[in-house]
Amino acid sequence: MRKTYRELLRDPRWQRKRLEVLQRADWACEECDDDSSNLQIHHHWYENGRDPWDYPDSAISCLCEDCHETATILLRSIPRLELNLDALHRLVDFAIELKEEQDAHRKLADEFAPRRRLDELLAKAASGEITYEEKIELSNRLRLKNKIAPLIERVKT
Ligand SMILES: [Zn+2]
């Protein structure tokens with residue numbers, strides 16, 4: 001039967017590794033330099049079935065109790081963080097799709113609804129009583145109409 005993690009931590013190989021890490025850290029927290037608190041050994045990552053001493057030095061830190069607690073919480077939150085990022089990406093994709101759909105609808109609505117405004121502007125242009133702003137508006141509306149006319153034809157058929 002496989003040893004429990006608690007049993008593995010009593011293994012002389014772990015005792016030696018632990019001592020090496022403490023000596024490397026000069027018996028102080030490698031995060032905040034605290035040398036008066038209880039020091040603990042922290043694994044930056046875990047692999048199932050791997051013995052606690054069988055990790056590269058870079059994967060192990062000597063930390064005070066407070067820093068160890070913070071590091072452990074951060075380590076545990078990583079999978080949840082990835083999940084949330086994934087959900088966020090899906091949400092952004094959905095928002096973009098929604099925006100594109102709304103834009104398409106608005107273009108169609110512009111084509112169908114403001115025909116009266118377009119007629120109004122054309123009448124003003126014909127009578128010569130058109131302001132500069134209205135000229136720009138007319139030009140934009142005509143350009144938009146030309147651009148989406150094929151789209152509307154496609155929707156109708
Ligand atoms: Zn610390």
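Begin by selecting Leu118, which is partly exposed because 17 other C-beta atoms lie within 10 Å, a count that falls between the 12 or fewer of an exposed residue and the 20 or more of a buried one. Bear in mind throughout the tour that the model on screen is predicted. Widen the selection to residues 115-127 and you have helix α4, in which Leu118 is placed. The end C-alpha atoms of α4 are 18 Å apart, which agrees with the 18 Å that its 13 residues should span at 1.5 Å a residue. Step just past the end of α4 to Gly128, where phi is positive, at about 80°.

Now keep Leu118 displayed and add Arg50, which lies 68 residues away along the chain, and draw the distance between the two C-alpha atoms, which comes to 74 Å.

To put that distance in context, zoom out and colour the protein chain by domain, with residues 5-77 as domain 1 and residues 87-156 as domain 2. The centres of domain 1 and domain 2, taken over C-alpha atoms, are separated by 64 Å. Switching to a cartoon view, you can count five helices and two strands, and following the sequence from its start gives the order α-α-β-β-α-α-α. The radius of gyration of the protein chain is 34 Å, well over the 15 Å that the globule rule gives for 157 residues, so the chain is more spread out than a compact globule. If you draw a box along the principal axes, the C-alpha atoms fill roughly 100 × 40 × 20 Å. Colouring by burial, you will find that 6% of the 157 residues count as buried. Among contacts between residues at least 6 apart in sequence, 53% join residues at least 24 apart.

Next, select residues 60-64, which form strand β2; five of its five residues are buried, so this strand is largely enclosed by the rest of the structure. Turn the view to look along β2, and you will see Ile60, Cys62 and Cys64 pointing one way while Ser61 and Leu63 point the other way. Add residues 39-43, strand β1, which runs antiparallel to β2 and is joined to it by five bridges. Within this pairing, centre on Ile41, which stands opposite Cys62 of β2.

With the strands still shown, display the side chains of Cys29, Leu39, Cys62, Leu63, Cys64 and Cys67, the six residues that make up the largest nonpolar core. Strand β2 provides the largest share of this core, with three residues. Stay on Cys62 and show what it touches beyond four places in sequence, namely Val21, Leu22, Ala25, Cys29, Glu30, Leu39 and Ile41.

From there, select residues 12-24 to bring up helix α2, whose 13 residues reach 18 Å from first C-alpha to last, close to the 18 Å expected at 1.5 Å a residue. Pick out Gln23, which lies in this helix. Is Gln23 buried or exposed? Gln23 counts as exposed, because 10 C-beta neighbours lie inside 10 Å, and the limit for that class is 12 or fewer. Draw one more distance, from the C-alpha of Gln23 to that of Cys62, and you will read 9.3 Å for two residues that are 39 apart in sequence. Finish just after α2 at Asp26, which takes a positive phi of about 60°.

Technical notes. Residues numbered from 1 in each chain as written. Predicted model: local features only at pLDDT ≥ 70, side-chain atom pairs only at ≥ 80, totals over all residues. Domains from an automatic or database assignment. Helix = DSSP H or I, 4+ residues; strand = E, 2+ residues; numbered from the N terminus. Rg over C-alpha atoms; globule rule 2.2 N^0.38 Å. Contact = placed C-beta atoms within 7 Å. Pairing = 2+ DSSP bridges. Expected span 1.5 Å × (residues − 1). Core = buried A, V, L, I, M, F, W, Y, C linked by C-beta atoms within 7 Å.
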